[in-house]
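Work through the following exercises with the sequence and the coordinates side by side, and try each task before reading its solution.

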Amino acid sequence: MSYQKIEVDFNGQPLTIETGKMARQADGATVVTYGETKILCTVVSAKTMREGQDFFPLTVNYQEKFYASGKIPGSFFRRERGSSERETLICRLIDRPMRPLFPKGYLYETQIIPTVISADCVNDPDTLSVLAASAAVTVSDIPFAGPIAAVRVGRVEGAFVANPTLEQMKQSDVDIVVAGSRDAIMMVEGEADLISEDEMLEAVFFGHESIQPLITMQEQLQQQVGVVKREFSLPAIDAELEEKVVAAGEAGVRAAVSIRTKQERYAAMKENRAQVQQQLAESFPERGGEIDTIMSKIEKRVVRRMIIEDGVRIDGRDMKTVRPISCEVGLLPRAHGSALFTRGETQALVTATLGTASDEQRMDNIQGMEFKKFMLHYNFPPFSVGETSMRLFPGRREIGHGMLAERSATKIMPTFDAFPYTIRIVSDILESNGSSSMASVCGASMALMDAGVPVKQPVAGIAMGLIKEGDDVAVLSDILGDEDHLGDMDFKVTGTCDGVAALQMDIKIGGVTRDIMHKALAQAREGRLHILEKMAEAISVSREDLSPYAPRITTVYVKPDQVRTVIGSGGKTVRGIIEATGCGIDIEDDGRINVSSADGAAAKLAVRMIRELTQEAEVGKLYNGTVKKVMDFGAFVEIFAGTDGLVHISELAEERVRNVTDVLNEGDKVLVKCIGVDRQGKIKLSRKEALGQTLSEE
């Protein structure tokens with residue numbers, strides 16, 4: 001393949017796609033450059049299909065090389081090891097809009113590897129990697145109904161911006177990624193600061209308009225390369241076999257889908273398939289795979305027609321009704337906060353744990369060290385769907401669902417200054433039949449309130465679905481797992497009474513119109529408000545007190561130049577306070593000191609010790625000091641640790657004193673009053689003015 005390059009002006013700076021220079025043995029390889037950020041992406045697809053393959057084995061392995069930003073990895077081995085959470089999320093960001101565009105029935109193993117080879121820490125490589133991946137497949141011979149592209153949409157000072165810089169994103173109240181083709185939006189993922197549904201809709205379609213130049217440049221590059229796509233066609237379906245399968249199995253499908261309970265419905269479906277296989281085994285030997293494929297088509301057609309033509313869903317609901325909800329809080333006595341959220345056959349046990357700054361998560365990536373004080377971890381054990389399997393680590397789906405819930409809960413969290421805790425939420429899915437990530441959002445909100453975290457307001461989530469047959473459209477609220485699998489859209493929306501916090505949308509068809517999205521958002525708001533009402537029946541505001549097992553954090557402020565005094569030489573002073581009190585102490589460079597302990601008396605002692613180390617003399621205040629040194633002209637008295645002042649001989653008593661030792665000697669305890677502090681910080685004390693006074697207890 002000869003070297004080709006396309007360049008466009010995007011947001012005032014060049015964006016280029018090159019091919020034919022690097023990784024030339026891959027089926028397709030491109031390098032996308034924007035600013036000083038570069039992504040190399042390769043794609044390879046097998047030429048033969050594995051025997052018995054019944055799914056599309058597409059893998060996307062996005063990777064960030066530390067050399068891209070001139071860094072050496074911080075791991076013990078000093079090399080990249082496994083995928084970080086960020087890399088996993090970007091893998092999903094690339095996979096989700098691309099997967100539906102490979103031909104149905106194309107089951108050849110395909111691997112896409114986007115690699116960040118240069119990072120300027122100004123332009124985020126995530127959406128550029130979607131572009132690089134699409135371009136790599138587009139210039140290859142792999143069949144693909146693209147190209148697609150993606151942009152991040154931000155809103156700075158009221159104006160939408162496509163692919164804002166990392167600095168601009170700090171000022172943005174919108175952060176969504178929009179991916180799509182020339183005519184359709186394929187995926188939306190992101191968050192916002194509780195904006196309205198109409199504003200979110202504007203942001204989404206601004207993003208779709210912004211990707212058009214990126215689609216055009218890929219089409220031009222494809223023409224320049226001139227690669228012919230490899231031939232692929234679906235094997236023809238045996239009309240006679242299909243007719244026999246329909247006759248033998250459709251009635252059983254109709255009977256099975258009318259069963260309301262998931263496990264019973266699945267058992268009936270399985271039994272019906274087994275009966276069809278047995279009935280046709282003699283006439284069509286060794287055609288079991290084809291029979292299963294036809295049965296799947298029948299099940300999909302029956303369910304979709306039932307919704308479109310009869311207005312009835314699998315579990316008997318109409319389009320807008322949310323499944324029955326029950327909520328409980330405070331189930332686990334030792335957890336700092338806990339909630340059990342059940343909606344239909346989906347159930348999440350969610351806990352909140354409060355920790356200190358030492359518990360924050362530290363993550364090393366190419367943009368620098370990242371610190372997280374709020375985490376939400378989502379777990380999907382196999383028993384939640386009645387299965388057995390070995391899962392040692394969270395998969396990509398679990399990380400993605402957890403991040404969606406985390407983004408949602410983040411929007412209601414207090415600032416760290418107001419509530420200086422590290423917080424970890426864990427959502428364990430105990431039962432699943434659709435929308436478990438949204439159950440996690442609802443459970444997280446309640447667990448935080450149960451823990452006494454002063455959240456701004458509760459947040460909830462709902463998953464929307466779509467069935468589209470020609471011009472007939474049905475938007476479904478609170479979808480089941482089957483409706484997700486058999487439908488055309490999975491659209492998750494979270495928010496409060498005031499607006500949208502986060503959303504995630506995946507489209508399986510050519511795209512959805514603005515009217516459909518508007519209807520889905522409006523219907524999602526209606527469902528969300530209903531769910532919030534149900535949650536409020538269990539808990540509506542945060543508890544006034546923290547759990548007795550949660551650490552209490554007291555914040556002390558000292559001057560920045562006093563931080564070294566508290567720490568002491570080699571940390572000796574702060575270690576001494578920790579050993580004496582058993583408290584946790586976190587010190588910030590700006591002078592903020594957080595003292596944490598479940599023992600209130602111990603925390604007060606630690607705070608007093610810190611204040612004694614850092615307090616400064618106040619003119620007019622009495623101090624109970626210790627004589628440290630006696631001179632001819634007066635005595636130096638230590639009024640608190642590390643700080644002393646001079647009691648001049650004239651300030652020792654009302655009468656004239658000839659010798660200081662007539663009144664004070666080293667080691668004596670003496671009540672003195674601060675009568676001045678000069679420009680050099682020297683403290684002037686008086687015993688004379690303290691005579692007859694007493695030091696009040698604080």
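**Exercise 1. Place Leu 392 and decide whether this residue is buried or exposed.**

Solution. Leu 392 sits in the loop that runs between β17 (374-379) and α9 (396-410), where helices (H or I, at least four residues) and strands (E, at least two) are DSSP runs numbered from the N terminus. The model is a predicted one, in which local features need pLDDT of at least 70 and side-chain atom pairs count only at pLDDT 80 or more, whereas totals for chains, interfaces and linings use all residues. Residues are numbered from 1 along each chain as its sequence is written, and side-chain values use heavy atoms, with hydrogens and water left out. Leu 392 counts as exposed because its relative accessibility is 66%, the classes being buried under 20% relative accessible area, exposed over 50% and partly exposed in between (1.4 Å probe, protein chains only). Together with Met 390 and Phe 393, Leu 392 forms a nonpolar surface patch of about 450 Å² accessible area.

**Exercise 2. Describe how helix α1 and helix α2 are arranged.**

Solution. Two packed helices are described by the angle between their axes and the distance between the axes. The axes of α1 (residues 85-98) and α2 (residues 125-138) come within 10 Å and cross at roughly 45°. That angle makes α1 oblique to α2, since angles under 35 degrees count as roughly parallel, over 145 as roughly antiparallel, 65 to 115 as roughly perpendicular and the rest as oblique. The crossing of α1 past α2 is right-handed.

**Exercise 3. Find what parts of the chain are tied together by the salt bridge of Asp 141 and Arg 230.**

Solution. Side chains of opposite charge can pair when their charged atoms come close; a salt bridge here is a side-chain nitrogen of Lys or Arg within 4 Å of a carboxyl oxygen of Asp or Glu. Between Asp 141 and Arg 230 the N to O distance is 3.0 Å. Asp 141 belongs to the loop between α2 and β8 (149-156) and Arg 230 to the loop between α5 (212-225) and α6 (239-257), so the pair ties together parts 89 residues apart in sequence. Arg 230 counts as buried, at 16% relative accessibility.

**Exercise 4. Compare the burial of the partners in the salt bridges Asp 488 with Arg 304 and Asp 450 with Arg 543.**

Solution. In the pair of Asp 488 and Arg 304, the closest N and O atoms are 2.8 Å apart. This pair links the loop between α11 (481-486) and β21 (489-495), which holds Asp 488, to helix α8 (residues 288-310), which holds Arg 304, 184 residues apart. Asp 488 is buried at 4% relative accessible area, and Arg 304 is buried at 6%.

For Asp 450 and Arg 543 the closest N and O atoms are 2.6 Å apart. Asp 450 lies in helix α10 (residues 436-450) and Arg 543 in the loop between α12 (514-536) and β23 (552-557), so parts 93 residues apart in sequence are tied together. Asp 450 counts as buried at 10% relative accessibility, while Arg 543 counts as partly exposed at 38%.

**Exercise 5. Which peptide bond is cis, and what is the phi of Ser 435?**

Solution. Most residues other than glycine have a negative phi, and most peptide bonds are trans. Gly 146 and Pro 147 are joined by a cis peptide bond, with omega about 5°. Ser 435 has a positive phi, near 65°, and is placed in the loop between β18 (422-431) and α10.

Technical notes. Patch = residues over 30% accessible without salt bridge, like charges linked within 9 Å, V, L, I, M, F, W, Y side chains within 5 Å. Areas by Shrake-Rupley, 256 points an atom, 1.4 Å probe, with all protein chains shown as cover. Axes fitted to C-alpha atoms, helices over the stretch in contact; angles between N-to-C directions. Left-handed = near helix turned anticlockwise from the far one by under 90°.
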